[in-house]
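Here are some short exercises to work through with the structure open beside you. Try each task yourself before reading its solution.

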Amino acid sequence: MLGISEEDVYEGRWRYLAEGALNVVFRYQATTNHPAFTGKVLRVSKLKFQDSGRMMDHMRQLFGSFLGNHLIPSSIPVALSGSVAAQLMHFILPCRKEKRRKEFDGDEFKALKQVEACLMPNLTLDSQSNPAFTLEIKPKWGFMPSFDSVHPVKKRFCRYCMHQRLKLEEGSIESIGGYCPLDLFSEDPERIQQALEELTLNPQNNLRLFVGGIEKDPASLMEIEEKLLGLRTRRQVLDLLLQVIIEITPLLRQIKAIQMLDEIDIQNLFPLWNRLEPDEKEKIDAAVLSQSWKSQFLEYARDSLKREVLREKPGNESGIESKSLDLSEVVLSLCAKFLVSVSAKDLSLMITIWPALDEDKIDSNLIHISMNGIQFSARVAVVDIDFKSSSKMKKWFETDQEIMKTFCKDMDIHE
Ligand SMILES: [Zn+2]
């Protein structure tokens, strides 16, 4: 296995690129080319147990088998010792948000012999000598729950929009944004346009812009486009993005179908989960990670997609009413589906756009768009497909309750 040594992480060689609750991502930026690292990002797991690499691989395979493997970037595991990982974290400390530093400051790695890490292509770099820019969009929840006993407010207001109130109260956002994931997933050009517009106005952590591997303020999208692509009005820029989103309608529909594997909502699922015996609870994560579950997942996801396309309301497919099944088996299956749905609610899309090159025409994995007589190519990838463990079930339930409480209080709803 390729290893990363102390020498490979000398200050400045790996720069901070992004971070979530589970991973930190570094981009390679050295003055001299390195055959294995140039053009790559290093994704380091913050999880303290060994195995996150296998889990990540499994989730990528699971999603790849449904969404299309060409959309999931490849990854190469690398050997990284705890002390080298701690050093990497030390160098990037000033770039990290305080909230993330408090959760995990990097010194935790010192106690570990090995840290889970992998190399992935840096999707924010334009590989061609052609100007390009990349947008990272975290779409979040594209559906509203429809299960009978779900709180009526959840059927009227979308989860993301309700969550904005709690985020504002907690101080994690400065103002309530106008972006609504239901618009992005709506398949209605006007609503998608609205979603894109709102994302550029108040991106929060749902939109990021990269030019040549460097992160820029999404508000500067216009100037960048003008310099790079010759598009002159805000409308033209948004139109180009709109066309890309319309082209990826089937993908968005598939992502939404996976999200909808959350069939009965955490509000109903948590009490069922809570009643499981400890040894039964332990089986849930293993069920998601078992190879044999992959075919079941595909079946569930296809059913969910079919329902969505036909706009049918889910009935009792959850199987709760099915007498012939052992209840704990049903709950286990509901929980496993829910965990996969959580991953789909938190993934990101990387969309890179550039003026088309001649050779792009023969690449069937690219999106081809024409705007004002200029041909553009776009590449889409699905990233941040993390394994979510059922150990967070209680936390998700509590967050859900908080979101509802704050929203109903703010909106003066008594239901
Ligand atoms: Zn909304």
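Helices, written H or I and at least four residues long, and strands, written E and at least two residues long, are DSSP runs numbered from the N terminus. Keep in mind that this is a predicted model.

**Exercise 1. Find where D412 sits, and decide whether D412 is buried or exposed.**

Solution. Start with the place: D412 is found in the segment after α15. Next, count neighbours: D412 has 6 C-beta neighbours inside 10 Å. A residue with 12 or fewer counts as exposed, so D412 is exposed. Finally, look at the backbone: D412 has a positive phi of about 60°, although it is not a glycine. Most residues other than glycine have a negative phi.

**Exercise 2. Place D384 in the chain and classify its exposure.**

Solution. D384 lies in the loop between β12 (374-383) and α15 (393-411). Around D384 there are 18 other C-beta atoms within 10 Å. Buried needs 20 or more and exposed needs 12 or fewer, so D384 is partly exposed. D384 also has a positive phi of about 60° without being a glycine.

**Exercise 3. Work out whether M89 is buried or exposed, and which residues M89 touches.**

Solution. First locate M89 in helix α2 (residues 82-92). With 25 other C-beta atoms within 10 Å, M89 is buried. Leaving aside residues up to four places away in sequence, M89 touches G106 and F109. As a last step, compare sequence with space: M89 and D107 are 18 residues apart along the chain, and their C-alpha atoms are separated by 7.9 Å.

**Exercise 4. Check the length of helix α5 (residues 159-170) and describe its packing.**

Solution. The expected span is 1.5 Å times one less than the number of residues. For the twelve residues of α5 this gives 16 Å, and the end C-alpha atoms are 17 Å apart, which agrees. Now look at the side facing inward: the buried residues of α5 include R159, Y160 and M162. The buried residues of α5 pack against α6 (181-184) and α15. After α5 comes G171, with a positive phi near 85°.

**Exercise 5. Decide how compact the whole chain is.**

Solution. Begin with the inventory: the chain has 15 helices and twelve strands. Its radius of gyration is 22 Å, close to the 22 Å that the globule rule gives for 415 residues, so the chain is as compact as a globular protein of that length. Of those 415 residues, 37% count as buried.

Technical notes:
Residues are numbered from 1 along each chain as its sequence is written. This is a predicted model: local features need pLDDT of at least 70, side-chain atom pairs count only at pLDDT 80 or more; totals for chains, interfaces and linings use all residues. Two residues are in contact if their C-beta atoms, placed from the backbone, lie within 7 Å. The radius of gyration is taken over C-alpha atoms; the globule rule is 2.2 Å times the number of residues to the power 0.38.
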